[in-house]
Amino acid sequence: MGLLSYLKSTILSKWVMAITGCILVLFICGHAVGNLQILLGSDTYNTYAAFLQGLGEILWIIRIGLFVCLVLHLITSIRLKLLNNSARPTAYQYKSFLKAKLTSRTMIWTGIMIFAFLTYHLLHFTAGVTNPVEYDQHEVVINGKSGIAQEIPNDPRILAQLPPTLQTTTVDGKLYAVQEEVKTAETRHDVYKMVVLGFRNPITSLVYIIGVILLGFHLSHAIQSMFQTAGFNHPKYTPWIIQGSNALAVIVVLCLISIPITILTGLVGGTI
Ligand code: HEM
């Protein structure tokens with residue numbers, strides 16, 4: 001490969017890394033803020049989850065877009081790493097190796113570990129493959145409100161004793177007692193309960209905490225690299241960019257790990 005085409009493709013690859021990385025950073029910031037709503041209680045969190053599910057085709061377009069970004073980001077990073085290795089005939093000398101920060105040297109490895117974590121995460125919460133019983137949680141929403149319907153067991157002795165004045169409604173073949181006149185009745189995925197039951201398991205929580213901390217290290221360097229690719233490399237601004245990207249990474253990590261921690265300590269979902 002000629003030097004010119006090598007340079008061209010490396011520059012192009014860096015731009016692919018920067019643009020796809022930027023989209024993934026925006027997603028993770030949105031995902032952290034969205035999921036932080038779990039601290040506001042079951043109704044707020046499930047309404048948010050139902051809103052996302054209700055996006056229908058738009059959700060699929062977003063999912064496909066994110067998937068394309070992720071695959072491009074991963075393939076390009078491996079390609080750049082291989083190009084980098086083949087361009088360097090001898091291994092780094094000890095001194096220059098030390099100069100590069102640990103986070104920048106380990107980007108490819110934190111990236112691969114995050115990819116593995118994400119695969120587990122999607123199987124866990126999106127597909128419900130790893131914990132099908134915890135995943136299969138639903139709640140009844142009456143007139144747009146949750147928590148106002150109580151399931152009546154399908155037991156002839158209990159059914160015979162129900163007071164005639166009791167308001168009831170049937171949703172998905174199950175009978176519920178309700179405290180108000182029913183205008184709309186539906187079931188929705190109880191994402192709150194699913195997440196709470198999931199993080200009650202300390203090993204699951206630990207896997208998430210480690211995954212999110214790795215993501216934090218990856219993010220802090222990734223944002224700095226994005227600015228460098230875009231040409232923002234100035235003695236005046238670079239320290240600000242470094243501090244800003246570190247701060248953003250710490251905020252994202254704190255937001256996300258607060259979820260398993262508050263659940264493990266019973267501050268969130270303690271009544272379930
Ligand atoms: C403690 C941290 C996290 C929590 C509580 C959390 C929670 C969730 C939940 C509940 C869903 C499923 C939403 C639904 O189907 O209704 C989900 C999906 C997803 N999460 Fe996370 N997440 C966390 C960390 C992460 C991290 C670190 C990443 C990226 C590396 C990530 C990427 C995704 C993606 C790509 C989806 C699929 C979105 C979709 O298909 O609609 N999450 N997350």
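How many bridges join S4 to strand S5, and in which sense do the two run? Let's start there. Keep in mind that what we have on the screen is a predicted model.

So, the numbers: S4 and S5, the latter covering residues 174-178, are held together by 4 bridges, and they run antiparallel. If you want to find the pairs yourself, look for Thr169, whose bridge partner in S5 is Tyr176. Then there's Thr168, which stands opposite Ala177 of S5.

Now, the connection. S4 and S5 form a hairpin with 2 residues between the strands. In that hairpin, Asp172 has a positive phi, near 50°. Worth clicking on if you like backbone torsions.

Next, the other partner of S5. S3 pairs with S5 too, again in the antiparallel sense, over 3 bridges. One pair to look at here: Ala149 has Val178 of S5 as its bridge partner.

Okay, let's put the sheet together. It's an open one, 3 strands, in the order S3-S5-S4, with antiparallel pairing. S3, at 149-151, and S4, at 168-171, are the edge strands, and each has a single partner strand, so one side of each has no neighbour in the sheet. From one strand to the next, the twist averages 40°.

And the general background, for anyone who wants it: strands in a sheet pair through backbone hydrogen bonds, and that can be parallel or antiparallel. In our sheet, the pairing is antiparallel.

That's my bit, thanks.

Terms used. Residues are numbered from 1 along each chain as its sequence is written. This is a predicted model: local features need pLDDT of at least 70, side-chain atom pairs count only at pLDDT 80 or more; totals for chains, interfaces and linings use all residues. Two strands pair if DSSP finds at least two bridges between them. Axes are lines fitted to C-alpha atoms, for helices over the stretch in contact, and angles run from 0 to 180 degrees between N-to-C directions.
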